[in-house]
Amino acid sequence: MRMLNLPGFLSCGKKKDFSLSNEKDAHASANDENSERGNWSNKGDYLLSMVGYAVGLGNVWRFPYLTYQNGGGAFLIPYTLMLALAGLPLFFMECSLGQFASLGPISMWRILPLFQGVGITMVIISTFVAIYYNVIIAYALYYLFASFQKVLPWSDCFSWADEFCSKTQLVSGCNATLDGQIIHANYSFIINNNLTCINGTMNYKSGQFPSEQYWNKVALQRSSGLDETGGIVWYLALCLLLSWIIVGAALFKGIKSSGKVVYFTALFPYVILLILLVRGATLEGALDGIEYYIGRQSNITKLMEAEVWKDAATQIFYSLSVAWGGLVALSSYNKFHNNCYSDAILVCVTNCLTSVFAGFAIFSILGHMAFVSERPVSEVVDSGFDLAFVAYPEALSRLPVSPLWSFLFFFMLLLLGLDSQFATIETLTTTIQDIYPKVMKRLRIPITLGVCILLFFLGLVCVTQAGIYWVNLIDHFCAGWGILIAAVLEIIGIVYIYGGNRFIEDIEMMIGKKSCLFWMWWRVCWFFVTPVLLMAILVWSLVTFSPPTYGSVSYPDWGTAVGWCMIIFCIIWIPIVAVIKIVKAEGNLCQRIVSCCRPAANWGPYLACNRGERYSHVVDPKKEKDHEIPTVSAFVYSQQ
């Protein structure tokens, strides 16, 4: 019985001829070094795309809160250390891998075929993230359109509100003087009898800001839980469609079009952040907010808590978008001798400084909100959805000309989200490009639009009345330790199996020979510090794992089971592909494993002119059959 033919990237043995078409592709131009895949039009396109990919919503809605929660300014110490020890080494490694091979996150595993499932895991997780990330962009679009009103719809308790809605704290009771005696009575009795509460005796009951009720009752039409799906919220579905149209339009020519769009989408958020910071700094109470963020409220003793260091490492890891496949995909379009070392440092530092800068803009306005509502800053600070769609909109609604500030804020969120989404979809199309290059050359625009349409329909469940629960569920499972597993295997595979010193020699082919002193730091990180830190974060994440919740709403057992199924579907390809590779190789079991741990016959620089003596033996994929894994008797790569 004839065996099922597998895609080229899964095969170990003989396969179909792999050739690249000479047909014209909008992805490539006459000035490109790599006429087959195309290159960035200039370095600015690449750097801004990388900055846009790394700088996302988490820089605005998560980092400031973590800083406040973990000791204020003191948190910058572990944050900076984790950048140097974990974030930057992985970032530099992925940029180098993509640029050296000019391949995406799956095909670049020709370097170590046994681990090619890691690349598949990265792409599948990126697909899940792309589905719900565009839903968040749709939320921002909805609020952006809602800001085009003279009075913001969440600025007060309108017809949709219930009795718990209030812009100020709700008094339940207090002490008052009646007929010469001090009594304690509920607030309605105090008001009806024209009495006055004695200072310091008021009791408050739980209430909700108008923005919170608007978010739940109007924007989301949120149901009681995952069990109650409800109908599709039509205006969110239209916003989701619009967000996918924007993404598709920006990517219809691949990097040639997205590389131009990012000049606006990556830079303009900084202009808006600056405007918000200047406006916030002029408000009463702004200094109190900044003090909580990074001022005198800083607590250096927090550094003695392991949780603080874990939060710093986790934030750096997710903020830089390492192990998602996007860094490899974007870097694969660089020219071979581009200085990816300086690029990695520039992007990482820009990303971290943006997080710190965003914190000032956020906390200055939250400080004013606390002042106006007569609450401590700690009661109005939040993170994630609650910051972006509840706390900050509530603060903006209290400013003069509030629709303008609301428009600017949500326009900034929109741009931050789009940048990251561009790179995520480019990761998927790059993967298709590597596997089916001839098809992609002819049908780039239909395939790109097809990917966007498919993901739009998959995302419709996230704009139902239970949509926010699905968004939270995917984020809780897929964007968690699945990525950590991929990162750990990536660095172990490259450094300990392929060879860290060999990898350094590969990098020197691109950026030039460097001294031993130059590489000392990177060797220490790659060989020991970074893998240990990643393993520690992974173990911590698994040990402290808790079932998903949204606010006070728990998920049903079947919902948690769906989450586990999603993450298992993401990572199961790692062992599956490894087994397929071993089965397809030749020799006994030991020989098969050894051969699968060697680079494929076509591993090396994409263009022959860049291969030099070290890779002069590489099988040219345009002329030879694409042997993903050499047999035991095949040529053994020489090492210099």
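Asp162 has a relative accessibility of 27% and therefore counts as partly exposed. The structure in which this residue sits is a predicted model, and Asp162 offers a convenient point of entry to it. Its partner is Lys217, with which Asp162 forms a salt bridge whose closest N and O atoms are 3.6 Å apart. Asp162 belongs to the loop between α5 (116-146) and β1 (170-178), while Lys217 belongs to helix α7 (residues 210-219), so the bridge ties together parts that lie 55 residues apart in sequence. Lys217 has a relative accessible area of 38% and is therefore partly exposed as well.

Side chains of opposite charge can pair when their charged atoms come close. Across the whole structure, a search finds twelve salt bridges. Two of these involve the segment that precedes helix α1. One joins the side chains of Lys256 and Asp32, at a distance of 3.0 Å from N to O. Here distant parts of the chain are linked: Lys256 stands in helix α9 (residues 255-265) and Asp32 in the segment before α1 (43-54), with their positions 224 residues apart. Both Lys256 and Asp32 are buried.

The other joins the side chains of Arg37 and Asp434, at 3.3 Å from N to O. Arg37 lies in the segment before α1 and Asp434 in helix α16 (residues 402-435), so that this pair, 397 residues apart, again links distant parts of the chain. Arg37 and Asp434 are both buried. In addition to these pairs, Glu307, Lys310 and Asp311 are linked in a network of salt bridges.

Attention may now turn to the packing of two helices. Helix α19 (residues 481-511) and helix α20 (residues 516-543) have axes that come within 8 Å and cross at roughly 175°. Because the angle is over 145 degrees, α19 is roughly antiparallel to α20. The residues of the contact of α19 with α20 comprise 22 nonpolar, four polar and two charged.

It remains to consider the confidence of the prediction. The protein chain has a mean pLDDT of 88, and 92% of its residues reach 70 or more. Two stretches call for separate mention. Over residues 1-24, pLDDT stays under 50, and the model has 55 contacts beyond four places in sequence for this stretch. Over residues 623-640, pLDDT likewise stays under 50, with 56 contacts beyond four places in sequence.

Technical notes. Residues are numbered from 1 along each chain as its sequence is written. This is a predicted model: local features need pLDDT of at least 70, side-chain atom pairs count only at pLDDT 80 or more; totals for chains, interfaces and linings use all residues. Side-chain values use heavy atoms; hydrogens and water are left out. Axes are lines fitted to C-alpha atoms, for helices over the stretch in contact, and angles run from 0 to 180 degrees between N-to-C directions. Helices (H or I, at least four residues) and strands (E, at least two) are DSSP runs, numbered from the N terminus. Angles under 35 degrees count as roughly parallel, over 145 as roughly antiparallel, 65 to 115 as roughly perpendicular and the rest as oblique. Ala, Val, Leu, Ile, Met, Phe, Trp, Tyr, Cys and Pro count as nonpolar, Asp, Glu, Lys and Arg as charged, and the others, Gly among them, as polar. pLDDT is the predictor's confidence in each residue, from 0 to 100. Contact means heavy atoms within 4.5 Å. A salt bridge is a side-chain nitrogen of Lys or Arg within 4 Å of a carboxyl oxygen of Asp or Glu. Buried means under 20% relative accessible area, exposed over 50%, partly exposed in between (1.4 Å probe, protein chains only).
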